[in-house]
Amino acid sequence: MCGNRMEEREIAYIAGLFDGEGYGGTSKDPRPGKVRLSIRVQITNTNLECLQYVRNRFGGTIGTKSGNSDGHKRKECFQLQMYSKTAIHFLNTVRPFLIIKKDKVDYSIKEWRDSIGGTILNESLGIRGWKS
């Protein structure tokens, strides 16, 4: 993917960031006749530099996330998103350092692997996500 080989402390730092500020999940393609499963990782933070650090090592895209839906003024928030192979690479890399989301990551990776080739083993899957 992106960047050079990372030190163990960098991976542990990024894993901690994901464990605390991350979201991930799998979803079924909503188009008729499609049964492909995709996997997504998101990390949301008010510190853009922090997300750029992660993006420079793994890839993905950064966007602005609106936090003013209830009319209260909030600090600008950013969201890093990774999909498919980039998300799988990220999850496989940080997995050994995860504490909170390790079991959920294992489940999502297994679910995604079971669907490779466009076949989902459990057709009633729908959308699954996880966030602690």
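Visitor: Why does C50 count as buried?
Guide: This is a predicted model, and in it C50 has 10% relative accessibility. Buried means under 20%, so C50 makes the cut.

Visitor: And what makes C77 buried?
Guide: Its relative accessible area is 17%. The limit is under 20%, so C77 counts as buried too.

Visitor: How many disulfides does the rule give?
Guide: Zero. A disulfide needs a pair of cysteine sulfur atoms within 2.5 Å, so a count of zero says that no pair here meets that limit.

Visitor: What makes R9 and E7 a salt bridge?
Guide: Their side chains come to 3.2 Å, N to O. The rule asks for a Lys or Arg nitrogen within 4 Å of an Asp or Glu carboxyl oxygen, so the pair qualifies. It's one of three salt bridges in the structure.

Visitor: Why is R9 called exposed, and why is E7 called partly exposed?
Guide: R9 has a relative accessible area of 64%, and exposed means over 50%, so the label fits R9. E7 comes in at 45%. Partly exposed lies between the under 20% of buried and the over 50% of exposed, so that is where E7 belongs.

Visitor: How do you know that E10 and R57 form a salt bridge?
Guide: The closest N and O atoms are 3.1 Å apart, and the cut-off is within 4 Å, so they pass. This pair links distant parts of the chain: E10 is in helix 1 (residues 8-21) and R57 is in helix 2 (residues 48-58), 47 residues apart.

Visitor: Is E10 buried or exposed, and what about R57, buried or partly exposed?
Guide: E10 has 14% relative accessibility; with buried meaning under 20%, E10 is therefore buried. R57 has 21%, which is not under 20%, so R57 counts as partly exposed.

Visitor: Which other residues of helix 1 are buried?
Guide: Alongside E10, the buried residues of helix 1 are I11, I14, A15, L17, F18 and D19.

Visitor: What span does helix 1 have, set against the one expected?
Guide: Helix 1 has 14 residues and reaches 20 Å from first C-alpha to last, close to the 20 Å expected at 1.5 Å a residue.

Visitor: What makes R95 and D106 a salt bridge?
Guide: Their closest N and O atoms are 2.4 Å apart, and the rule says within 4 Å, so R95 and D106 count. R95 sits in the loop between helix 3 (84-94) and helix 4 (102-115), and D106 is in helix 4, 11 residues apart.

Visitor: Why are R95 and D106 called partly exposed?
Guide: R95 has a relative accessible area of 28%, and D106 has 29%. Buried is under 20% and exposed is over 50%, so both residues fall in between.

Visitor: Where is L98, and why is L98 called buried?
Guide: L98 is in the loop between helix 3 and helix 4. Its relative accessibility is 4%, and buried means under 20%, so the name applies.

Visitor: Which residues does L98 touch?
Guide: Leaving aside residues up to four places away in sequence, L98 touches A15, F18, D19 and V105. From L98 to A12 there are 86 residues in sequence, but 8.0 Å in space, C-alpha to C-alpha.

How values were computed: Residues numbered from 1 in each chain as written. Predicted model: local features only at pLDDT ≥ 70, side-chain atom pairs only at ≥ 80, totals over all residues. Heavy atoms only, no water. Buried < 20%, exposed > 50% of the residue type's maximum accessible area, 1.4 Å probe, protein only. Helix = DSSP H or I, 4+ residues; strand = E, 2+ residues; numbered from the N terminus. Expected span 1.5 Å × (residues − 1). Contact = heavy atoms within 4.5 Å.
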